[in-house]
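Biologist: Could you take me through one spot in this structure up close, and then step back to show me what surrounds it? I'd love a connected picture rather than a list.

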2 protein chains.
Amino acid sequence: MTAEPSGAPELPIALDAVGGDHGAPPNVAGAVQAAKAGVKVLLVGDQVKLHAELGKHPGAGALPLEVVDAPDVIGMDEHASDVRGRREASINVAAKLVKDGKAAALVSMGHSGATMAASLLTLGRLPGIDRPAILTHLPTRSGAVAVLDVGANADVKASYLAQWAQLASIYLRVVEARENPTVGLLSIGEEDHKGNAVTLEAHALLRAQAELNFYGNVEGGDVFKGTTDIVVTDGFTGNIVLKLAEGEARVLFGWVKDALSGGVLAKLGGLLVRDSLRAVAERMDPSTYGASILLGVRGLSYIGHGSADDRAVKNALLRAARAHESRLIERLSEQLKGTPA
Amino acid sequence: MTAEPSGAPELPIALDAVGGDHGAPPNVAGAVQAAKAGVKVLLVGDQVKLHAELGKHPGAGALPLEVVDAPDVIGMDEHASDVRGRREASINVAAKLVKDGKAAALVSMGHSGATMAASLLTLGRLPGIDRPAILTHLPTRSGAVAVLDVGANADVKASYLAQWAQLASIYLRVVEARENPTVGLLSIGEEDHKGNAVTLEAHALLRAQAELNFYGNVEGGDVFKGTTDIVVTDGFTGNIVLKLAEGEARVLFGWVKDALSGGVLAKLGGLLVRDSLRAVAERMDPSTYGASILLGVRGLSYIGHGSADDRAVKNALLRAARAHESRLIERLSEQLKGTPA
């Protein structure tokens, strides 16, 4: 992967290589694939396990992969607050590498709460940002929509939503070259006066920010319609939206599959349309994006599903490398300085 | 439609026959279909318009349909509070018929906020219920889930959620004969300690109600999975869930349709599987249920989509008649009296 004219230094991505439901195997396999695509990766975790896992990938020794030992790991059933004081935990070692300028970004499929906590404690916040938010992408009729927060903050203030709208707008400009992305505020009616106490206050704040391309309220039905480029919401609603969307797609495609195996004609038809339908299902596959970015911390941090497979790990590493090349954090820092806290 | 052994008096259903995006035509057509199925209907609205519309249905004169004049109507762009003092508005006349024991239920595809307000003001609340909630049904892998509140209350107290769990549990027992329905609290993690401030408090209240079959927290992905019979949530989140679910289904089925018309093989396959897929799409069609019930008021009140077609109107009328036969309101009143407010 060659550096852009912007001249971001070529740094490796730190992968929490033992995090997630399946431990090292999908992490190492995904890292090998990313390395083959030119991304340097630091595999952070128990070095004995990681070397053993690397040994299963012939030719991995010639790839830009390096193991960084971290003998401890935050288990999926531990509390996020357990990251405090666990210096040798893989997620803390990975965050420290980013903090010290030895890695461009961190990627973890491990404990989401622990990844957020480690990122916030080690990297700190960007200027003017009270709380970081998790931004994820959902497919729409017209492309994709960036939704945030999808789970970092269950209870919010209206001012957070206004800050997240800023973060997401700069993010889409820098990373996806969308010139003037539109921002929708998720609510229960298009009219300005519809919503709950927090969204009514947030609506006024968003309306007052001249540098935002604020569309106004959007409803649940607008998410997949792709009415706006960005949808801002609290982390409670956003998390439910994300999991509902994924769950509904699974159930609907399951029904379609069942429908295509009942009766001879349907079965025959099903065989003929199988590839077309697979392409549709692919759009809803979380592995396509690989991981969600934690926006608002002073460093690149990506949080993936605990159930991530090697493809998700690879795609997350590629996305992290691209964001680094675009100098996302530097540009967020510069552009946020100009806005009121 | 014959009365059940329970002996509910045979009363007509009051239909706000001029409400909704398309005015009288789908309402009258739906009422004619319901009347053919044995349900008596009072068509409430401008009598000149309604008689003219009825004239388009040959044989309607022989059906159990009656026009009740209401010269005024609350427009879709008016405020819900406009129902106050508008005695001749169709929704107020319909609510009054229920209040006076002249109709078994009211059904409206008109202004949702106005229907809620008219129901609450005219009918009052059931014992121990602070706020009524809208309950709707979503299809799941294993049948259907009852979700409430889907839009009556944008801001809630934890105690409302506990009351709604009660209402929905009695509702499913009475109307769908489900013996001991399970209740899930929509949140952002299965663990008891995950949620926002309101759900954490609601969790404790639900846990303390011995007469409920409380399952615990459910996540967004559990809705379509059908993990519980009932999902309780605030009206902000519930409204977004409902509209997201409908919107996503529309977009996903659109993609499937597109996929089945690209290329000769896919097209041929698409023809063979068309009927099977139509059956799948039907499960997500809001017309199948027709309307959602407003639970918590002292009378049967059904609120439908403004865009409802005749099939939705007919199904809503049939549902209302069945709920009346089951003596839903009487049984809610009896069973709620035994529970703490």
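Modeller: Happy to! Let's start with Thr199(B), which touches Phe236(A), Leu185(B), Leu186(B) and Ser187(B), leaving aside residues up to four places away in sequence. Please keep in mind that this is a predicted model. Thr199(B) sits in helix α6 of chain B, which covers residues 197-208. Is Thr199(B) buried or exposed? Its relative accessibility is 5%, and because buried means under 20%, Thr199(B) counts as buried.

One of the neighbours of Thr199(B), Phe236(A), belongs to the other chain, and that takes us to the interface. There, 52 residues of chain A are in contact with 52 residues of chain B. Together the two chains bury about 4,500 Å², and 75% of that area is on carbon and sulfur atoms. Phe236(A) turns up again here: along with Leu244(A) and Trp255(A), Phe236(A) is among the residues of chain A that lose the most area to chain B, and the three together make up 17% of what that side buries.

Now for the polar side of the story. Between chain A and chain B there are two salt bridges. One of them joins the side chains of Lys243(B) and Glu219(A), with 2.3 Å from N to O. Six residue pairs are in polar contact between the chains, counting pairs with both residues at pLDDT 80 or more.

Which elements of chain A supply at least two residues each to the side that touches chain B? They are β5 (133-140), α6 (197-208), α7 (222-225), α8 (235-259) and α9 (264-283). The largest share comes from α8(A), with 18 residues. By residue type, the side of chain A that touches chain B divides into 28 nonpolar, 16 polar and eight charged residues.

Finally, how do the two chains relate to each other? A rotation of 180 degrees, with 0.0 Å of shift along its axis, superposes chain A on chain B with an RMSD of 0.0 Å. That is the relation of a two-fold axis. Within chain A, the residue that comes closest to the rotation axis is Gly269(A), whose C-alpha lies at 2.0 Å. Of the interface residues of chain A, 100% are also interface residues in chain B, so the copies meet through the same surface.

So, back at your starting point: Thr199(B) is buried, and its contacts include Phe236(A) from across the interface.

Methods. Residues numbered from 1 in each chain as written. Chains lettered and ligands numbered in written order. Predicted model: local features only at pLDDT ≥ 70, side-chain atom pairs only at ≥ 80, totals over all residues. Heavy atoms only, no water. Helix = DSSP H or I, 4+ residues; strand = E, 2+ residues; numbered from the N terminus. Buried < 20%, exposed > 50% of the residue type's maximum accessible area, 1.4 Å probe, protein only. Contact = heavy atoms within 4.5 Å. Buried area = accessible area lost by both parts, 1.4 Å probe. Salt bridge = Lys/Arg side-chain N within 4 Å of Asp/Glu carboxyl O. Polar contact = N/O pair within 3.5 Å; in protein donor to acceptor, adjacent residues only side chain to side chain. Nonpolar A, V, L, I, M, F, W, Y, C, P; charged D, E, K, R; others polar. Least-squares fit on C-alpha atoms with pLDDT ≥ 70 in both.
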